[in-house]
Amino acid sequence: MQLIFEIEYHTQWGERLVLLLGKRKIELQYTDGDIWQGGLEYRKPGQALVYRYAVERDREIVRTEWHDHTLHLPNVHDRRRIRIRDRWQEMRPDTTFCTMAYTRGIFARAAGAAPDAPDTTRPTAIGAEPSQADVWLRIVQPTVHPDQTLALAGSALDNWQRIVALDDIDFPVWGCACSLPAGSEYKLLIADRRTLAPILWEEGANRIWNYTPADDEILLDASLLPRFPEQRWRSAGTAIPVFSLRSEKSFGVGEFLDLKLLIDWAATTRQRVIQLLPVNDTSMSGTWEDSYPYNANSSFALHPQFLRLTEAGVVEDDAYRRLRDELNALPEVDYERVNRAKQRLLREAFARNAAYTASRSDYQDFLTENRSWLIPYAAYCTLRDEHRTADFTQWGAMSRYNRKRVEAYCIDHRDEVAYHCYVQFYLHLQLSEVSRYAHSRGIILKGDLPIGVSRTSCDAWQSPQLFHLDSQAGAPPDAFAAQGQNWGFPTYDWERMARDHYAWWRERLRKMATYFDAYRIDHILGFFRIWEIPEDSIHGLLGHFNPALPYTAEELRQVGFDVAEGFGTTPPLDEQTLAGIFGERADEVRQRCIDQGRLRPEYATQRRVAEQLAGDDAPTKQLREGLMTLLDDVLFIEDPRRKGLFHPRIAGRQTRSYQLLARWQQEAFDRLHEEFFYRRHDLFWKESGLRKLPVLQTATDMLPCGEDLGMIPDCVPETMRMLQILSLEIQRMPKNPGESFADPARYPYLCVCTTSTHDMNPLRAWWEEDRKVTMRFYREVLHGEGNTPQHGEPWICRRIIEMHLASPAMFTILPLQDWLSMDPALHAPDPFAERINIPAIPRYQWRYRMHLTLERLLAAEDFNTTLCDMIALNGRR
């Protein structure tokens with residue numbers, strides 16, 4: 001069968017259009033009216049055809065479409081040709097609704113229960129049987145609720161009285177096979193799925209049926225663009241880490257299958273979204289430090305602690321039930337004890353069931369589909385346990401990843417490697433089951449894409465070339481951490497990643513899309529620029545942006561700073577400075593740590609100070625922290641990879657070095673600081689973000705949501721709006737500099753709004769956190785009178801939550817703790833016990849667990865009815 005492609009596109013001089021089909025590149029020919037045409041013989045009728053158009057100049061591709069075309073061709077035998085009329089695919093204004101969050105979740109046909117093998121080649125027939133129709137329409141229209149349908153009416157259909165529903169088997173693509181009289185008028189509309197009563201007609205003049213295909217061809221028109229007004233959909237959801245869930249069947253920690261109960265509760269209360277923290281494996285030290293979910297040992301593997309043991313071969317005997325009940329009775333997660341017990345029981349189950357599991361066809365399929373990351377991960381885990389460290393630099397001959405050597409190692413340690421594959425297989429089965437169940441209830445799962453990768457992870461071991469292992473990612477100082485944050489992760493070598501079009505990121509996202517419909521881009525700023533801290537520093541204050549445009553020594557000299565002589569790049573060591581930091585111990589510091597006006601080499605960096613003064617006794621700690629503070633006190637930081645270029649130190653005006661400057665130098669530094677941090681990089685960072693973020697977006701159909709808090713340059717919200725990436729809005733973290741509190745009524749539509757995050761106190765604890773802030777909020781936002789209540793009482797929390805539900809935000813996703821704050825019978829007795837993380841504490845123990853079971857939450861009928869009514873009355877569904 002011959003396929004003829006035609007598309008209208010206006011090129012510039014010297015450009016031409018090509019069609020990319022797999023590895024084939026088909027040159028198109030220009031015809032009148034800016035129409036480009038090309039053809040090929042296609043011998044696979046009934047199969048999906050995936051292709052895209054591109055613009056070439058001098059044989060180089062200079063532009064491609066936003067995403068692929070996917071067509072299911074008519075399976076007909078009496079026609080020689082199919083003429084495909086296309087439209088160039090830019091990013092659609094309703095791209096958000098074309099994501100899996102809507103097509104596979106919220107707007108999914110029959111709540112996601114699609115047939116196993118949909119016949120997309122035989123759509124609704126209008127005016128003729130499908131086999132006789134000469135025109136097939138394929139129309140993309142995602143904003144149609146499951147109880148609605150896209151339909152067609154026209155003058156030739158009983159004079160507009162007959163409304164014909166289009167097929168939605170390939171939703172959000174709608175199809176029909178048509179044979180209408182030439183010149184007849186028609187229009188598209190959205191109708192009630194059951195009664196076909198019109199709900200919304202497309203705007204503009206009637207369309208004219210002007211198709212005249214040849215006798216031996218079918219015209220497949222995929223260029224038609226519906227003209228419906230913008231439609232907005234608003235939903236609510238709940239955010240909670242998996243480990244924080246509690247059910248009667250869980251084993252001291254929340255598990256994937258507990259999510260089914262949470263999904264039932266969300267559906268009961270009219271919610272649509274369950275948002276989770278990262279669920280990747282973090283097992284490295286075997287201690288509670290592994291509880292940090294943003295420090296994974298693999299960007300692909302799931303954490304074994306989330307496995308329901310009895311669904312993975314563990315026998316539920318009396319001993320199991322006693323231990324389960326004992327661990328479940330704990331108020332918080334005992335990370336070490338829970339994970340040790342689970343590993344012991346899983347190994348016993350593996351010994352009994354390994355042969356049976358290995359014989360399963362779905363297990364073999366899982367191995368085949370995930371081999372690229374699964375085998376290296378299993379080898380990594382085995383080596384970690386063998387050497388009792390995740391630091392692969394200590395693994396001797398295996399410290400450098402070599403595929404053949406790893407394969408040989410896996411053969412020699414086949415049982416241990418098979419065990420880790422066994423665990424990952426059952427984790428995959430259980431999370432996949434949860435994902436399907438969520439869709440069956442009209443609920444979507446939102447995952448979390450951490451910005452960082454552990455320097456002792458399988459990713460860093462397997463692909464060290466993708467990372468700067470000599471640096472550390474973090475965040476500049478903010479309201480959470482006055483010294484900034486040092487996450488310890490290596491930064492990315494983006495130039496190296498670009499060589500294969502960011503293949504590692506694309507694979508990572510495709511794995512996420514197996515389970516999730518939407519994802520939070522952790523620290524989206526990192527895709528524009530990251531806060532990079534030299535490996536010999538500890539505090540985030542000594543970091544700098546990367547990429548960046550630092551100043552040359554000559555540029556700084558011209559404005560009064562001779563950094564070539566060390567001015568501003570080393571801390572002041574005068575008596576007043578030392579006395580201010582060390583008090584009575586200033587003389588001791590001078591004698592012990594300073595030689596000839598400079599810090600001795602063993603105290604010249606924060607990392608060396610930490611090594612020299614490692615004790616926890618009060619005097620040692622005081623000296624260590626004092627020297628750290630002293631080393632923070634600089635005005636400029638030399639770029640570690642480009643010597644001779646310098647970054648102004650952030651918040652340099654708060655240093656002693658700044659105070660020692662002459663007034664004119666202070667003013668010069670102020671101008672440098674303002675220009676460097678707020679203006680110099682806008683276009684530069686925008687281009688940086690636009691090189692990476694579209695790759696993430698188009699790797700899957702998941703809905704991207706950015707975490708855009710902190711020190712945000714103007715290019716970030718501008719780029720997010722351009723790419724339709726949802727922003728994050730938090731009332732107590734306003735983005736307008738002049739505001740103390742953001743106004744939810746003025747939030748943008750494309751955003752997720754929330755009352756708090758895992759890095760903050762939940763509502764009730766926040767109310768008691770800072771009395772001055774609470775009093776101001778009470779007066780200015782709640783317009784309260786009289787004394788400010790001492791506690792975040794249920795009526796206060798409800799008022800705040802209602803503001804968020806009433807906002808224009810597409811999604812209002814609140815922590816479970818904040819939903820429960822409205823009911824004194826359900827919220828935790830101690831509001832501060834509900835906090836998940838404190839960012840200012842580098843090694844925080846992540847152990848929060850909801851104090852009531854999900855079964856009890858589901859049984860709280862009065863509360864659930866109230867919450868359902870609140871969500872519905874605010875127009876969310």
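Let's start with helix α17, on the face turned away from its buried side. That face carries three exposed residues: Arg 663, Trp 664 and Arg 671. Keep in mind that this is a predicted model.

Now turn α17 around. Which residues of this helix are buried? They are Gln 665, Gln 666, Ala 668, Phe 669, Leu 672, His 673, Phe 676 and Phe 677. These residues cover an arc of only 160 degrees around the axis, so they sit on the same side of α17. As for length, α17 has 16 residues. Its first and last C-alpha atoms are 22 Å apart, close to the 22 Å expected at 1.5 Å a residue.

What does α17 lie across? Three strands: β30, β33 and β34. The helix, residues 663-678, runs at about 95 degrees to β34.

Those three strands form an open sheet. The order is β30-β34-β33, and the pairing is antiparallel. At the edges are β30, residues 551-552, and β33, residues 636-638. Each edge strand pairs on one side only. Look at β30 with β34, residues 645-648: two bridges join them in the antiparallel sense. Thr 552 stands opposite Leu 645 of β34.

Next, another helix: α25, residues 861-873. Its 13 residues should span 18 Å at 1.5 Å a residue, and the end C-alpha atoms are indeed 18 Å apart. Its buried residues are Phe 863, Asn 864, Leu 867, Cys 868, Met 870 and Ile 871. Why do we say they share a side of α25? Because their arc around the axis is only 160 degrees. On the other side, Glu 861, Asp 862 and Leu 873 are exposed.

So what covers the buried residues of α25? The cover includes one strand, β20, at 235-239. It also includes the helices α2 (259-268), α22 (794-806), α23 (816-820) and α24 (854-859). After α25 comes Gly 875, and its phi is positive, near 75 degrees.

You will meet α22 again with helix α21, residues 771-780. In α21, the residues Thr 774, Phe 777 and Tyr 778 are buried. Seen down the axis, they fall within an arc of 100 degrees, so they line one face of α21. They pack against α20, residues 763-767, and against α22.

On to a strand: β27, residues 518-521. Is one face covered, or both? Both faces of β27 are covered. Ala 518 and Arg 520 are buried on one side, and Tyr 519 and Ile 521 are buried on the other.

Now the partners of β27. Strand β22, residues 444-449, pairs with β27 in the parallel sense over four bridges. Strand β35, residues 703-706, also pairs with β27 in the parallel sense, over four bridges. Find Arg 520 on your screen. Asp 448 has Arg 520 of β27 as its bridge partner. Arg 520 also stands opposite Cys 705 in β35.

Two single residues now. Take Thr 103, which lies in helix α1, residues 100-106. Its relative accessibility is 17%, so Thr 103 counts as buried. What does Thr 103 touch, beyond its neighbours within four places in sequence? The contacts are Phe 97, Cys 98, Ala 108, Phe 171 and Pro 172.

The second is Tyr 426, in helix α7, residues 414-440. Tyr 426 is buried, at 7% relative accessible area. Again leave out neighbours within four places in sequence. Tyr 426 is then in contact with Leu 307, Glu 311, Ala 312, Thr 357 and Arg 360. For a sense of distance, compare Tyr 426 with Ala 110. They are 316 residues apart along the chain, and their C-alpha atoms are separated by 28 Å.

Last topic: cysteines. How many disulfides does the structure hold? Zero. Take Cys 751. The closest cysteine sulfur is in Cys 753, 5.6 Å away, so the two are too far apart for a bond. For a disulfide, the sulfur atoms must be within 2.5 Å. Cys 753 is likewise in no disulfide, and its nearest cysteine sulfur is that of Cys 751. Are these two cysteines buried or exposed? Cys 751 has 0% relative accessibility, so it counts as buried. Cys 753 also has 0%, and it counts as buried too.

How values were computed: Residues numbered from 1 in each chain as written. Predicted model: local features only at pLDDT ≥ 70, side-chain atom pairs only at ≥ 80, totals over all residues. Heavy atoms only, no water. Buried < 20%, exposed > 50% of the residue type's maximum accessible area, 1.4 Å probe, protein only. Pairing = 2+ DSSP bridges. Contact = heavy atoms within 4.5 Å. Axes fitted to C-alpha atoms, helices over the stretch in contact; angles between N-to-C directions. Expected span 1.5 Å × (residues − 1). Arc of directions from axis to C-beta.
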